[in-house]
Amino acid sequence: MQSEQAVNKAHLQQLERLKYQVRLAERQFNQVDPDNRLVAAELERRWEEALKEVQQAEIMFERQRPSNPTPQLPEELKTVFLDVGKRLPEIWHKSVLSRQQQKSFLRCLIDKVVAHRVRRDCLQVRIIWHGGETTTSHVSIPVNSFQELTKATEMEQSIIKLSKEGKTDAEIAKHLEKQGHRSPSKNIVLESTVKTIRLKNNIMRTKHQSHPLKVPGYLTVP
């Protein structure tokens with residue numbers, strides 16, 4: 001009995017050391033400059049390795065503990081749980097679960113979420129699920145100006161070309177949106193964005209619109 005307690009104590013101490021390494025790796029990752037991608041990637045890798053070591057140690061600890069008979073679920077209850085799993089997307093989007101229930105459910109599924117700013121207007125979000133599987137996606141984030149968009153130059157050239165072809169601002173906005181472009185503060189292309197870029201390049205829609213008069217050494221009232 002004393003020998004078993006000593007072994008359990010050693011395992012718990014080892015677990016605590018590994019968990020400390022996880023916390024240390026997490027702190028180092030959170031403190032690194034996001035623009036230093038190589039260092040951030042290396043620290044994220046170390047963090048994940050530390051988490052895996054903790055998980056493996058916990059599995060080994062559980063295997064070596066005296067096993068108690070696991071209560072078996074009735075077949076009817078098993079069927080209910082399996083059915084809920086298949087219908088989860090439907091249940092989730094129909095607001096059957098409260099916001100608090102959704103949060104609790106996600107905590108049961110997700111181990112951690114790592115967000116890394118890969119571009120000025122884009123976040124890379126990596127979800128690490130319990131069990132080791134990962135899901136990576138990119139999320140657009142608002143920026144302060146048009147020039148901060150990754151495809152700003154390409155988008156401006158398209159606006160100039162389409163405007164000169166006689167397309168309206170609304171038509172250009174829809175076309176650019178289909179091509180994967182967006183406005184600085186929205187995930188869609190606003191007509192106002194198209195108009196701003198068009199006027200910046202002195203492309204007027206009607207003849208009565210005044211064109212800026214450029215005289216060297218002088219300024220007009222506007």
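1. A helix here is a DSSP run of at least four residues, and helices are numbered from the N terminus. With that in hand, welcome to this structure, which is a predicted model. One place to start is helix H2, where Glu-49 and Arg-45 sit 4 residues apart and so are separated by about one helical turn. The two form a salt bridge whose closest N and O atoms are 2.4 Å apart.

2. How exposed are these two partners? Glu-49 is partly exposed, at 40% relative accessibility. Arg-45 also counts as partly exposed, at 37%.

3. A second pair is worth finding in the same helix. Arg-46 and Glu-42 both belong to H2, again 4 residues apart, or about one turn of the helix. Their salt bridge has its closest N and O atoms 3.1 Å apart. Arg-46 is partly exposed, with a relative accessible area of 44%, and Glu-42 is partly exposed as well, with 29%.

4. Please look at the two pairs together. Glu-42, Arg-45, Arg-46 and Glu-49 are linked in a network of salt bridges. As general background, side chains of opposite charge can pair when their charged atoms come close. The structure holds 10 salt bridges. One of them joins the side chains of Arg-23 and Glu-16, at 3.4 Å from N to O. Arg-23 is partly exposed, with a relative accessible area of 37%, and Glu-16 is partly exposed, with 43%.

5. From charged residues, let us turn to nonpolar ones. In soluble globular proteins, nonpolar side chains tend to be buried together. In this model the largest nonpolar core has 15 residues, and those with the most contacts inside it are Val-22, Phe-29 and Trp-47. Helix H1 (2-31) and helix H2 (37-64) each supply at least two residues of this core. Which helix gives the most to this core? The answer is H2, with 8 residues.

6. Phe-29 is a good residue to click on. Leaving aside residues up to four places away in sequence, Phe-29 touches Ala-40, Leu-43, Glu-44, Trp-47 and Val-114. Apart from this core lies another core, of 13 residues, and Val-143, Leu-162, Ile-172 and Leu-176 are among them.

7. Next comes the sheet. Its 3 strands form an open sheet in the order E1-E2-E3, with antiparallel pairing. Strand E1 (110-119) and strand E3 (134-140) stand at the edges with a single partner strand each, so one side of each has no neighbour in the sheet. From one strand to the next, the twist averages 20°.

8. Within the sheet, strand E2 (residues 122-129) is joined to E3 by 7 bridges, and these two strands run antiparallel. To see the pairing at the level of residues, look for Gln-124, which stands opposite His-138 in E3. A helix accompanies the sheet too: helix H5 (residues 99-109) lies across E1 and E2 and runs at about 90° to E1.

9. Further along the chain is helix H8 (residues 191-200), in which Thr-193, Val-194, Ile-197 and Arg-198 are buried. Where do the buried residues fall, seen down the axis of H8? They lie within an arc of 130°, so they line one face of the helix. What covers the buried residues of H8 includes helix H6 (152-164) and helix H7 (169-178). After H8 comes Asn-202, whose phi is positive, near 60°.

10. A last stop is Leu-190, in the loop between H7 and H8. Is Leu-190 buried, partly exposed or exposed? At 27% relative accessibility, Leu-190 counts as partly exposed, because the buried class is reserved for values under 20% and the exposed class for values over 50%. Not counting residues up to four places away in sequence, Leu-190 touches Ala-173 and Ser-183. Leu-190 and Asp-169 are 21 residues apart in sequence, and their C-alpha atoms are 8.9 Å apart in space.

Note on methods: Residues numbered from 1 in each chain as written. Predicted model: local features only at pLDDT ≥ 70, side-chain atom pairs only at ≥ 80, totals over all residues. Heavy atoms only, no water. Pairing = 2+ DSSP bridges. Axes fitted to C-alpha atoms, helices over the stretch in contact; angles between N-to-C directions. Contact = heavy atoms within 4.5 Å. Core = buried A, V, L, I, M, F, W, Y, C linked by side-chain atoms within 4.5 Å. Buried < 20%, exposed > 50% of the residue type's maximum accessible area, 1.4 Å probe, protein only. Salt bridge = Lys/Arg side-chain N within 4 Å of Asp/Glu carboxyl O. Arc of directions from axis to C-beta.
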